Amino acid sequence: MTVQDVGVLAIGAGPANLALAVAIEESGARELAGDTLVLEQHADVKWQRGTLMPWARSQVSFLKDLVTLRNPRSRFSFLSFLHDQGRLDEFVNLGTFHPYRWEMSDYLQWVANSLERVRIRYDARALSIEPTTESGVITGWTVTLANGDVIRCRDLVVGGGRDAHVPEVFAGLPADKVVHSSQYLDRIGAVPKDRPLHAVVVGGAQSAAEMFYALHGDLPDSQVTMVVRSIGLQNYQTSKFINEAFFPSYVDEFYDTPPEVRAQILDEMRFANYAGLAPPFLDELYTMLYQQKMLGPQRSSVRSMTEVLNARQDGDEIVLDLHDRKTGKVDPVRCDLVVLGTGYDQRMPAMAREVAAKLGLDDIAVSRQYRVDIGDAAWGALYLQGVNEKTHGMSDSLISVLAHRSQDIVNDLLARRTAELRSA
Ligand SMILES: Cc1cc2nc3c(=O)[nH]c(=O)nc-3n(C[C@H](O)[C@H](O)[C@H](O)COP(=O)(O)OP(=O)(O)OC[C@H]3O[C@@H](n4cnc5c(N)ncnc54)[C@H](O)[C@@H]3O)c2cc1C
């Protein structure tokens, strides 16, 4: 077991904390950069590794990378990555604003490798966080890793993404029969393919649709049913007017809005992010179903207006009781595998909730600068990235605002240090 001390510890080397690392390096605060460590539980950086299919595309413009909207001259931009890798000509020739997700993922790893002062420690899963206190004042945080190593820091930034959402109805099923989208690519390769299977995909948004599409290649000759609660798969809301709510500048406007109005805005924006599919992909999916219907074999079907009432194991199979919302009838359907495109838990991640409980906080409220309110006297601060949709808007879980959000956090880190120097 080792014990290490750092100034800033960031949990998770996803887009959020990589953008933070870039902003710290670009701030010119060399000491702070040299005293910052990012932890990543995996051996490398990958963007949404569970569904990193070769044909899956980013849904936001590559110009909304980790840095360009804040600093278009940055050497950490997506275009700089393409140039460095000698593929700028080909990318420009593609004529797209929406790169493949694997290409954005390669960009993230390239950014991680290109940092000069901020360090990244891989294979380092943070297990628990304990506040460190002196005379009742929080002076920092002690983070214990899965291998027992301990890292103490003054400021902690949690950017581990959201927890997978597994609806209660599936909670009792054996783990080898249920695959959540966050694990899809890790798990699907291990599913035996010696006989045709029946896989049921649950959910009607982008991740569910991507897995539905992928399963035709990943489980050859199998039947794939998609169970969708709504009347049918829908396109994302792509209005340019509504898209302005993803501007970094909209965060201020949203933050200053009363909570009940924020809730209304989020509800109205549901189809701009969560509940729909990228229009070109929706067309591709429809074309696949059309070709199957006309040319056969028809292996895939979408059951709309349907919800799963109950799920149980029966021998080697799973039985799903499917409720038809039109007729009210319940139909037991047998399958070998349940694939969940049920999204992510909208609550704060378990890790943040555990720290809040240790601090005696009923509610986790962050400031405009993403700092958890633990009292003005605290010397150590806790920042939360990517989980503040309720207060900072729908863009909070997306890459659209990362360039600016990371700057907000860096400004706060530096302002607190400057204020202390003045008062010393
Ligand atoms: C399938 C899918 C597609 C998406 N496509 C888009 C898109 O096109 N455009 C867009 O803007 N947004 C998209 N999103 C939203 C996505 O949340 C953001 O793009 C972005 O990945 C959020 O970055 P993050 O760093 O907050 O979290 P994540 O990307 O989830 O990264 C978190 C990182 O922390 C690591 N980690 C977690 N827990 C620990 C721990 N305890 N210890 C150490 N490391 C840990 C994880 O391994 C991971 O590397 C998509 C989301 C999904 C699920």
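The following dialogue reads selected features of a predicted model.

Visitor: Which residues lie closest to the ligand, and how many surround it?

Guide: A shell is listed by the residues around the ligand, and its closest members are then named. Here 29 residues surround the ligand, and the closest are Ala16, Glu40, Gln41, Gln59 and Ile399. By class, the shell has 13 nonpolar, 13 polar and three charged residues.

Visitor: Where do oxygen atoms of the ligand approach polar atoms of the protein?

Guide: A polar contact is a pair of N or O atoms within 3.5 Å. In this model, a polar backbone atom of Ile399 is 2.8 Å from an oxygen atom of the ligand. The side chain of Gln48 has an N or O atom 3.0 Å from a ligand oxygen, and a backbone N or O atom of Pro15 lies 3.2 Å from an oxygen atom of the ligand. As to area, the ligand taken alone exposes 980 Å², of which the protein buries 86%.

Visitor: Which residues of the largest nonpolar core touch the most other members?

Guide: Such a core is a set of buried nonpolar residues joined through side-chain atoms within 4.5 Å. The largest one here has 46 residues, and Leu18, Ile24, Leu66, Phe78 and Tyr107 touch the most other members. Elements that give two or more residues to this core include strand E1 (3–11), helix H1 (15–26), helix H5 (101–114) and helix H15 (402–423). The element that gives the most is H1, with eight residues.

Visitor: Why does the length of helix H7 agree with expectation?

Guide: The expected span is 1.5 Å times one less than the number of residues. Helix H7 covers residues 206–218, so its 13 residues should span 18 Å, and the end C-alpha atoms are indeed 18 Å apart. Several residues of H7 are buried, among them Met211, Phe212 and Leu215, and also Gln206, Glu210 and His216.

Visitor: Is Asp155 buried or exposed?

Guide: Buried means under 20% relative accessible area. Asp155 has 0% relative accessibility and therefore counts as buried. This residue is found in strand E6 (residues 150–158), and a polar contact of 2.7 Å joins the side chains of Asp155 and Arg416.

Visitor: What may be said of Gln292 in the matter of burial?

Guide: The same cut-off serves, under 20%. Gln292 counts as buried because its relative accessibility is 11%. Its place is in helix H12 (residues 279–295), and the side chain of Gln292 makes a polar contact of 2.7 Å with that of Ser300.

Visitor: Which class does Glu244 fall into?

Guide: Partly exposed lies between the buried limit of 20% and the exposed limit of 50%. At 43% relative accessibility, Glu244 counts as partly exposed. Glu244 is found in the loop between helix H8 (240–243) and helix H9 (250–255). From Glu244 to Leu382 the C-alpha atoms are 29 Å apart, with the two positions 138 residues apart in sequence terms.

Visitor: Where are Arg73 and Asp194 found?

Guide: Exposed means over 50% relative accessible area. Arg73, in the loop between strand E2 (36–39) and H3, is exposed, with a relative accessible area of 79%. Asp194 is found in the loop between helix H6 (184–188) and strand E8 (198–202), and is exposed at 71%.

Visitor: How far apart in space are the C-alpha atoms of Arg73 and Leu295, and of Asp194 and Gly148?

Guide: Separation along the chain and separation in space are two readings of a pair. Arg73 and Leu295 are 222 residues apart in sequence and 52 Å apart in space, C-alpha to C-alpha. For Asp194 and Gly148, 46 residues apart along the chain, the C-alpha separation is 41 Å.

Conventions: Residues numbered from 1 in each chain as written. Predicted model: local features only at pLDDT ≥ 70, side-chain atom pairs only at ≥ 80, totals over all residues. Heavy atoms only, no water. Near = heavy atom within 4 Å. Polar contact = N/O pair within 3.5 Å; in protein donor to acceptor, adjacent residues only side chain to side chain. Areas by Shrake-Rupley, 256 points an atom, 1.4 Å probe, with all protein chains shown as cover. Nonpolar A, V, L, I, M, F, W, Y, C, P; charged D, E, K, R; others polar. Helix = DSSP H or I, 4+ residues; strand = E, 2+ residues; numbered from the N terminus. Buried < 20%, exposed > 50% of the residue type's maximum accessible area, 1.4 Å probe, protein only.
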